[in-house]
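New to this one? Take a look at the structure below, and then we'll walk through some of its details together.

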Amino acid sequence: LPKLKEFQDSLISLYLHHLCMVRPLGEGGKMKIATDIAEMERVLGGLLDEHTVNEQFKVLRAFRAVLFLSVEDLSTVRNVPRPMLLNHLFSRAGDALLSPYKVAGWTLLSTSPGYTRTLTK
């Protein structure tokens with residue numbers, strides 16, 4: 001069971017990391033992502049009972065609602081880490097405002113949490 005929880009944490013963390021950087025994000029994209037999140041919740045939630053649901057799973061649930069909040073209402077969100085919300089705000093911006101990783105000259109892959117771990121092993 002501990003390995004399953006570890007896998008769940010890693011999967012959700014990486015998934016959310018990439019969801020925050022999807023650009024451009026229109027209404028159709030929001031609906032598709034919300035459907036994907038609901039499916040992921042269903043599958044992962046079925047693997048663990050409600051007493052073992054972790055923080056990453058709670059963030060996943062909260063992020064689905066974030067997709068449909070106004071920019072003004074994002075400041076009221078408490079269950080999603082601020083850096084994640086900030087990256088999500090960039091997904092709502094126009095093409096004139098580049099994502100931070102592009103400004104830094106990075107690739108999307110190089111921003112992934114496991115990328116540097118893989119390179120150092």
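What follows is a tour of a predicted model, taking in its salt bridges, one of its helices and a cavity.

**Salt bridges**

Let's start with the charged side chains. How many salt bridges are there? The count comes to six. Here are three of them, with the distance between the closest N and O atoms.

| Pair | Closest N to O distance |
|---|---|
| D36 and K32 | 3.0 Å |
| E41 and R64 | 3.1 Å |
| K58 and E55 | 3.5 Å |

Take D36 and K32 to begin with. Both sit in helix α2, which covers residues 27-47, and they are four residues apart, or about one turn of the helix. D36 has a relative accessibility of 29%, so it counts as partly exposed.

K58 and E55 make a similar kind of story to tell, this time in helix α3. They are three residues apart in that helix, which means about one helical turn separates them. Are these two buried or exposed? K58 counts as partly exposed because its relative accessibility is 42%. E55 comes out at 56%, so it counts as exposed, the cut-off being over 50%.

Now for E41 and R64, whose side chains meet in a salt bridge. This pair links distant parts of the chain: E41 belongs to helix α2 and R64 to helix α3 (residues 55-66), with their positions 23 residues apart in the count. E41 has just 10% relative accessibility, and it counts as buried because buried means under 20%. R64, with a relative accessible area of 30%, is partly exposed. The pair also has company, as E41, R61 and R64 are linked in a network of salt bridges.

**A closer look at α3**

Helix α3 has come up a few times, so how does its span work out? With twelve residues at 1.5 Å a residue, α3 should span 16 Å, and its end C-alpha atoms are indeed 16 Å apart, so the two values agree.

Which residues of α3 are buried? They are F57, V59, L60, A62, F63 and V66. The cover over these buried residues includes α1, α2 and α4.

**D9 and its partners**

Over in helix α1 (residues 2-19) you'll find D9. Its relative accessibility is 29%, so D9 counts as partly exposed. Which residues does D9 touch, once its neighbours within four places in sequence are left aside? D9 is in contact with N54 and Q56. As for N54, it lies 45 residues from D9 in sequence, yet their C-alpha atoms are 7.8 Å apart in space.

**The cavity**

Last stop: the space inside. There is one cavity of 30 Å³ or more, and the largest cavity holds about 40 Å³ of space. What lines the largest cavity? The residues around it are C20, M21, R23, N87, F90, S91, S99, P100 and Y101.

Two helices, α4 (82-92) and α5 (100-103), each give at least two residues to this lining. The largest share comes from α4, which supplies three. Sorted by class, the lining of the largest cavity is made of five nonpolar, three polar and one charged residues.

Definitions and conventions. Residues are numbered from 1 along each chain as its sequence is written. This is a predicted model: local features need pLDDT of at least 70, side-chain atom pairs count only at pLDDT 80 or more; totals for chains, interfaces and linings use all residues. Side-chain values use heavy atoms; hydrogens and water are left out. On a 1 Å grid over the protein atoms alone, a cavity is a set of points where a 1.4 Å probe fits but cannot get out, and a pocket is an open set with protein on both sides within 12 Å along at least five of seven lines; lining residues have an atom within 4 Å of a point. Grid points are joined across faces, edges and corners, and a volume is the space filled by probe spheres set on the points. Ala, Val, Leu, Ile, Met, Phe, Trp, Tyr, Cys and Pro count as nonpolar, Asp, Glu, Lys and Arg as charged, and the others, Gly among them, as polar. A salt bridge is a side-chain nitrogen of Lys or Arg within 4 Å of a carboxyl oxygen of Asp or Glu. Buried means under 20% relative accessible area, exposed over 50%, partly exposed in between (1.4 Å probe, protein chains only). Contact means heavy atoms within 4.5 Å. The expected span of a helix is 1.5 Å times one less than its number of residues.
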